[in-house]
Amino acid sequence: MSQRTYNQLWADAQLELSRLLTEELPAEPRRPEKDRVVFFQRLAMLYVRYIQIFRQLEEVYDQVVHPQKRKVIRATLEGVIGRVLELKNEMVEKEFSEYHYMDDVLHDFKLTPADLEIPIPRYFKELQERKTMLTEILKMVEVTESPEPLTKDMSQEEAIKVIQVAERARQGRLRAKLNQESRNMNRMYSTKDPGAAAIELAAVCIQKVWRGYIQRKRVKIAREKEMIFLGMVMDPKYQVPCPAVITAQASEACTRIKREDRNADYQKSAVAVTNQLQDVEGLDMSKSMKDQIRQWFIECRDATGSFPDYPDDEDGGSALLFTEKTPMQLLEEIAAKKEEEASNKSKGQDKKKEKEKKEKGKKDKKKENEEEEEAGLKMLPSAFLSHLEVENKTFVDFWKTRNESRNFHQRHEVELIKEEKRKVIEAKIRVQVDEQMRQELAELKLAVDKDKGGKTKANAKKKKGSKSGKKKKKEKDLTADRTLESLCQELVEQGLLKLANNVRLQDYLGDYNYLGTTLRQNDIEPMPSLWDVRQVLTLYAILPLGSQPVHEKATLIKAILLAGPAGVGKKMLVHAICQETGANLFDLSPLNTAGKYPGKSGLAMMLHMVFKVARLLQPSVIWIGDAEKMFYKKVPKEVKELDPKRLKKDLPKSLKLIKGEDRVLIVGTTKDPLSADIKALCKMYSKILLIPRPAYGSRYILWKQLIRKQGGDVTSALDLSSLTKISDGYTPGHMVRVIRSIVTKRRILQQANRPLTAAEFIAPLAKIYPVFQTEEDALKNWYAKTPLGKKRTKAAAEKEEEQAPVKSKDAKKKAKK
C-alpha cells in the first residue's frame with residue numbers, strides 16, 4: 001500500500017480513538033453501575049475497540065516512512081497499549097478470573113476471534129547488539145570437546161575376529177542370492193504353456209482391475225471438485241501464496257529499508273540543526289533570559305522591599321519565572337513550598353501519630369470502598385487517558401489538516417526539528433543562566449542588604465544540608481569493581497545466563513474457546529484454551545517488557561507462575577517471551593543452582609549478580625523451573641542434598657527491589673503445585689496462570705501443523721478428526737514425541753506411494769500415559785485455593801444466594817395457584 005493509504009488508516013484510528021475518549025471522559029461523571037454483568041459488558045466493548053485501534057496503529061507504525069509522524073504514532077500506540085492493559089486488569093478485578101470470553105461482543109461488532117488476537121509490535125525486536133555480545137561470550141566459554149579418534153587400537157586376535165565375522169556374513173549373503181536365483185529358474189521351467197482361454201481370462205482380470213482403478217480416481221477428483229465448490233475444502237492454488245501476496249510482502253520489506261534511511265537522515269539533520277541553533281540563537285536566548293530574570297528581581301524589590309530567593313533546580317529554576325504569573329504570585333508559591341517542607345519535617349518527628357493516621361485512613365478507605373460497592377461499580381482511575389488525550393490533540397491540531405502534497409517522498413521537516421530542539425537548547429542554557437544569576441543575586445543582596453547577605457548564605461547551606469540528609473541509603477554494590485562483561489561471563493560459565501531458544505509465541509498453537517460464554521452463563525467455569533493462555537501472556541509479560549513507558553505506568557507485575565501438567569508448553573512460553581521482547585534469560589531453577597555459590601555469602605552474591613546484570617541489560621526474564629521445589633511442604637529424601645529451598649527467603653527480598661523502571665520479570669513454571677505451600681507460593685507470584693491439556697479444537701490444529709512442520713503431508717487418507725478424538729488427554733509435548741517417532745526421513749520419502757494414516761500414530765500414542773481427568777480436577781481445585789480463585793468461588797456463592805430467594809418466591813406463587 002502507498003503512504004497515503006497508511007496516513008488514511010492512521011486518521012481512521014485517531015477518529016475512533018477520539019470517540020472512545022469522549023465516551024471515557026464525559027463532561028459529567030457517569031453514575032455507578034449496580035449490575036455487574038452490564039458493567040463487565042461495557043468494559044469488554046471498550047477492550048475490543050481499543051484492541052482494534054492497537055492493531056491499526058501497529059500496522060501504521062511499521063509501514064509509515066515519515067520519521068516525525070512515527071514519533072507521534074509510537075507515543076499514541078504506547079498509550080493505547082497501556083489502556084488495554086488497564087482494562088484487562090479491571091476486567092480481572094470485576095470478574096475474578098484471568099481469562100475472559102467475549103463471544104457476544106464479537107458478534108455485535110461482526111468480528112472473528114482472529115480480530116481479537118493481540119499483536120506483538122514489531123519494533124520490540126530491535127535488540128541485536130546484546131544478543132551478539134552474549135553469543136560471543138558463549139563461544140568464548142564453550143569448552144570445545146576433543147573429537148573421538150576414528151581408529152581404535154586393537155589386538156591381532158580382535159582384528160581377526162572382526163574380519164571373520166564380516167567374511168562369513170558376505171558368504172552367507174552370496175549363498176542366499178544363488179539359492180533365490182535357482183528357485184526362480186526352476187519356476188520358469190516348471191510352468192506350462194497357457195491356452196487361449198487362460199490368456200483371455202488374464203486379460204479380463206487385468207482390464208477389470210484397471211477400469212476399477214481409473215473409475216475410483218475419477219470419483220475422487222469429482223468429489224474434491226465438489227467439496228471445493230461447496231466451500232468445504234480450500235482450493236490447492238490458494239494454499240500457496242499468490243503472486244499478489246508475495247509482491248505485497250516484498251513492498252513492505254522495501255518500505256522498512258526506506259524507513260531506516262529516512263530515520264538516519266532525520267538523525268543527521270537533528271544534530272546539524274541543534275549545532276546551528278546553538279551557534280546562532282544561543283547567545284540571544286541567554287541574554288533574553290537574563291534580562292527577564294533581572295526584571296523579575298527589580299519587580300520583586302519594588303513590590304516587597306527586598307530581593308527574592310532564587311527558585312531551586314528541583315522546582316524548575318528560572319522556568320517558574322516564564323510562566324504567566326506576577327512576581328507576587330511566584331513569591332507566594334515559593335513561600336507555600338517552604339511551609340510544606342517545614343510541616344513535613346515536623347511530621348517526620350511524630351512517627352507514631354502517622355501510623356495511627358494511616359491505620360485510620362485504611363479503615364476509612366475500606367468503609368469508602370464498601371460504600372462504593374453498595375452504591376455501584378465505577379471505572380478505576382487511568383494513567384494513560386490523559387496521555388492519549390494530549391496525543392490526540394497533537395494529531396488534530398497539527399497533522400490532521402497538514403498539506404503534504406509537496407512532500408511526496410515523506411522526508412522530515414526541518415522547521416519541526418527546530419521547534420523541538422529549541423526547547424532542548426533552552427533547557428540546557430537555562431541551567432547555565434541559573435548558576436550565573438544566582439551569583440548575581442547574591443552579589444546584589446550583599447551590596448544592598450549587607451546584614452541579610454550572610455544569613456541568606458547560611459540558610460542556603462542549611463537547605464543543602466537538610467536535602468542531603470533526606471536521601472535514602474543506596475544498596476550495597478558487592479561487585480562495584482567489576483565490569484558488566486566480566487559479570488556476564490561468570491554467569492554464563494555458571495550456567496545462570498543462557499541464550500533463549502528460537503521460538504515465537506505464534507508457534508504456541510491453540511484454538512479459540514467457542515463455548516466459554518455459554519458455559520459461564522450456565523454457571524460452569526470453563527477451562528481456558530491454549531489460545532487464551534497465549535493472549536494473557538502477551539498482555540502480562542510481552543507488552544510491558546517490550547515498552548519502557550508502558551512498564552512504568554501500567555500495573556506492575558513482578559512475577560508470573562505458569563502451572564500445568566508436563567508437556568503443555570510452559571518452558572516454550574518462557575523462551576517465546578525472551579524472543580519476542582529481546583530479553584535475556586536467567587535460569588534460577590533449584591536444580592540449576594544446586595551446588596553453585598555455597599553458603600549465605602555465596603547465595604547473596606549470586607542473587608546480587610543476577611539482578612544487577614538483569615537491570616543493566618533489561619528487559620530480562622528470570623526463569624524458575626520446578627517452582628514448587630522452592631516451597632516444598634516436606635522436602636523428599638532424594639532431593640534433600642540439592643537443598644531446593646535455599647532461595648525461599650532471599651528471592652522474595654530481591655523481588656521487592658524491582659521497581660517500575662526495571663523491566664525485569666520472574667517467570668516460574670510448575671507441574672506439581674500441590675506439593676508446595678500455597679500461601680508462600682501466592683506471596684511470591686502475583687499472577688498465577690493455569691495451563692490445561694488442549695481441547696478438541698486445539699488438538700486438531702496441533703496435529704495438522706506439527707505433522708506439516710515435521711515434513712509430513714496431510715492428505716484425505718489421514719483421518720485427523722478421529723486422531724484428535726483418540727488423543728484426548730494428551731499434551732502438545734506427547735504429540736511432538738509421537739510425530740517425531742513416526743514421520744522420519746525414510747517415511748517422508750515413502751509418502752508418495754504410501755500416504756500417512758491415523759493408525760500409524762495410535763501405537764506409539766498408546767505407550768504414553770495421558771493427563772487423566774482426575775489430575776486436571778486436582779489442578780482446578782488447587783487453583784480455587786489461590787487468592788483469585790477464592791474471590792471467584794465467593795462471588796459464585798453470593799450469586800447463588802441471591803437467586804435462591806427468587807426461586808423460593810416463585811415456588812410459593814405456584815403452590816398458591
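Here are some worked exercises on a predicted model of a protein chain.

## Exercise 1: Get your bearings

Task: work out how many helices and strands the protein chain has, and what share of its residues is buried.

Solution. Start with the secondary structure: the chain holds 30 helices and six strands. Next, take burial: of the 817 residues, 38% are buried. Then look at the surface, where about 50900 Å² is exposed and carbon and sulfur atoms supply 54% of that area. Finally, check the contacts. Among those between residues at least 6 apart in sequence, 84% join residues at least 24 apart.

## Exercise 2: Lay out the sheet

Task: find the order of the six strands in the open sheet, and say which are the edge strands.

Solution. Reading across, the order is β1-β3-β4-β5-β2-β6, with mixed pairing. The edges are β1 (497–498) and β6 (687–690), as each of them pairs on one side only.

Now walk through some of the neighbours:

- β1 and β3 are antiparallel, with two bridges between them. Lysine 498 has leucine 585 in β3 as its bridge partner.
- β3 and β4 run parallel and share four bridges. Here aspartate 587 sits opposite tryptophan 623 in β4.
- β4 (residues 620–625) and β5 (residues 664–670) are also parallel, joined by six bridges. Isoleucine 622 is opposite isoleucine 666 in β5.
- β2 and β6 run parallel too, over four bridges. In this pair, leucine 561 faces isoleucine 688 in β6.

## Exercise 3: Check both faces of a strand

Task: decide whether the side chains of β3 and β6 are buried or exposed on each face.

Solution. Begin with a rule of thumb: in a regular strand, side chains alternate between the two faces of the sheet. Take β3 (residues 584–587) next. Asn584 and Phe586 are on one side, Leu585 and Asp587 are on the other, and all are buried, so both faces of this strand are covered.

Move on to β6. Lys687 and Leu689 point one way, Ile688 and Leu690 point the other way, and again all are buried. Recall that β6 is an edge strand.

Which helices lie across β6? Helix α17 (residues 530–546) lies across β2 (559–563), β4, β5 and β6, at about 150 degrees to β6. Helix α29 (residues 773–783) lies across β2 and β6, and its angle to β6 is about 160 degrees.

## Exercise 4: Classify two aromatic pairs

Task: say why the pair of tryptophan 10 and tryptophan 399 counts as tilted, then do the classification for tyrosine 696 and tyrosine 700.

Solution. The count for the model is 10 aromatic pairs. For tryptophan 10 and tryptophan 399, the ring centres are 6.5 Å apart and the planes make 50 degrees. Planes under 30 degrees apart would be stacked and over 60 edge-to-face, so the rest are tilted. That is where this tryptophan pair belongs.

Where do the partners sit along the chain? Tryptophan 10 is in helix α1 (residues 3–24) and tryptophan 399 in helix α12 (residues 385–399), so the pair links parts 389 residues apart. Both tryptophans are buried. They also belong to one aromatic cluster with Phe395 and Phe398.

Now the tyrosines. Tyrosine 696 and tyrosine 700 have their centres 6.4 Å apart and their planes at 35 degrees, which again makes a tilted pair. Both are in helix α24 (residues 696–710), four residues apart, or about one turn of the helix. For accessibility, the partly exposed class runs between 20% and 50%. Tyrosine 696 comes in at 37%, so it is partly exposed. Tyrosine 700, at 32%, is partly exposed as well.

## Exercise 5: Find charges over rings

Task: which ring does arginine 402 sit over, and which does arginine 70?

Solution. The charged end of arginine 402 is over the ring of tryptophan 399, 6.0 Å from its centre. Arginine 70 is over the face of tyrosine 61, at 4.1 Å from the ring centre.

## Exercise 6: Place one threonine

Task: is threonine 274 buried or exposed, and what does it touch?

Solution. First locate it: threonine 274 is in helix α9 (residues 243–304). Its relative accessibility is 17%, and buried means under 20%, so threonine 274 is buried. Leaving out residues up to four places away in sequence, threonine 274 touches Lys421 and Ile425.

Notes:
Residues numbered from 1 in each chain as written. Predicted model: local features only at pLDDT ≥ 70, side-chain atom pairs only at ≥ 80, totals over all residues. Heavy atoms only, no water. Phe/Tyr/Trp six-rings, centres within 6.5 Å; stacked < 30°, edge-to-face > 60°. Buried < 20%, exposed > 50% of the residue type's maximum accessible area, 1.4 Å probe, protein only. Lys NZ or Arg CZ within 6 Å of the ring centre and 35° of its normal. Contact = heavy atoms within 4.5 Å. Areas by Shrake-Rupley, 256 points an atom, 1.4 Å probe, with all protein chains shown as cover. Pairing = 2+ DSSP bridges. Axes fitted to C-alpha atoms, helices over the stretch in contact; angles between N-to-C directions.
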